[in-house]
Amino acid sequence: MVFRMDQLQRRTRALAALLLLSLLAAANGVYLTYVHVDYEFGRPGLNAFCHAFSARGCSVTAGRFGELFGIPVSVIGFGGALAILAVTLVALVRRRRQVDAARSVLFALTGFSVLASVLMATLSAVEQSFCPFCLLWYVLNAGMFAAAWSLRDPGADSLRDTVDDLLGGVAAIAVVTFCLSAVLGLWLHERQRAEVAQEFEQLKAAWLEEFASSEPIGVELELAGAPRKGPDDADLVIVEFSDFECPFCMKLWNTVEGYLEQTNHRVQVVFAHYPLDAKCNPDAQTIHPLACDAAVAAHCAQRQDRFWEYGQILFDNQGAFERKDLVRYAGQVGLDLGPFETCLDDPEALDRVRLDVMRGRALGVEATPTFFMNGRIHKGGTHPTLFEAAANHFAADARAQSSQ
């Protein structure tokens, strides 16, 4: 009897731990869902808290692997956490049972959560970006699995018993809870998105007025030798100072490319390097340790008139910038690999990147991304809708002035 009481107490403690951890995981899911919306609209919002713990914040939540079939991964995780919470409550009520399907289902659910954590951690490694609250989620999932492991019923977990448990009523409770929770999470996401969108529209006019009324920089944007495309007599000149390892720079690059595809304005785009890597930017902390290498490789591609194709591949494979990767990308865009590899070791190529950094500092660039529109500076990224509105304004204004 003493043994059974001790067993009951251990079981109760483990279930209480599961309740607490699943509640924390659900709260984390709600937070990351709101952060996902903040990144979508490019506003500080709640993601500022992420940046207090990591230079890249939680930007990976809005990256390539931040959604599954259009559903934020955070919403799926939120549903999984509440499913574990629901089954834990069932197990807590039935904790005196010697054998209980609820504990078997908990073991399966938490095991699946750990596998999902491993998968998401692997994808984050591919992105070279780990958000602190994603890491917290992995820890919470591991803790829930450890608690569920301690609840296993010795001698009662044959494969057939486990399958029967996973096809039974407790598993059905988990499935229904997950589906209802996912719907709730999507509702929270869409409600937050609608609120931010409304706020965004209110701020859009004020932001555009402030940007448009700003004075052009007082020095000439002299970037001789920088990669450029578009007519020399363009109505709009966009200059972007960028870092190939910077996730917001990737968004700006894609925003610019998207704008070029749909605009009827005459636009010229100029690219300048500003890696946040002390190897070529002495005033910067090394936040992106391979950024200088990527910038040098992009300059080497420019020597063979393939900068824009190569730059796109760098942003598409952000983070995979080891030398072998840079050479492989060169082959993919059809570069002559002999001269390309020679260029990678050419001190003049690194000096060319450093020249861009010096030019950037002289123009007031302090971080990435920073871009100019007809001489007006904007520090930081911006939502594609805002970018398009500003670009259209400056292009139309320039055309109107030239026709007078």
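**Exercise 1. Work out the strand order of the open sheet of five strands, and state its pairing.**

Solution.
- Step 1: The model is predicted, so local features need pLDDT of at least 70 and side-chain atom pairs count only at pLDDT 80 or more, while totals for chains, interfaces and linings use all residues. Residues are numbered from 1 along each chain as its sequence is written, and side-chain values use heavy atoms, without hydrogens or water.
- Step 2: Find the strands, which are DSSP runs of E with at least two residues; helices are runs of H or I with at least four, and both are numbered from the N terminus. Two strands pair if DSSP finds at least two bridges between them.
- Step 3: The order reads β3-β5-β4-β6-β7, and the pairing is mixed.
- Step 4: β3 (228-229) and β7 (376-379) each have a single partner strand, so they stand at the edges with one side lacking a neighbour in the sheet.
- Step 5: β4 (residues 236-242) and β5 (residues 267-273) run parallel, joined by seven bridges. There, Val 237 stands opposite Gln 268 in β5.

**Exercise 2. Identify which strands helix α13 and helix α14 touch.**

Solution.
- Step 1: Contact means heavy atoms within 4.5 Å. Axes are lines fitted to C-alpha atoms, for helices over the stretch in contact; angles run from 0 to 180 degrees between N-to-C directions.
- Step 2: Helix α13 (residues 347-362) packs on the sheet and touches β4 and β5. Its direction makes about 110° with that of β5.
- Step 3: Helix α14 (residues 384-402) also packs on the sheet, touching β4, β6 (370-373) and β7. The angle between the directions of α14 and β6 is about 30°.

**Exercise 3. Describe the aromatic pair of Phe 145 and Trp 149.**

Solution.
- Step 1: Rings of Phe, Tyr and Trp (its six-membered ring) pair if their centres lie within 6.5 Å; planes under 30 degrees apart are stacked, over 60 edge-to-face, the rest tilted.
- Step 2: The whole structure holds 19 aromatic pairs.
- Step 3: Phe 145 and Trp 149 are tilted, with 6.2 Å centre to centre and 55° between the planes.
- Step 4: Both lie in helix α5 (residues 132-150), four residues apart, about one turn of the helix.
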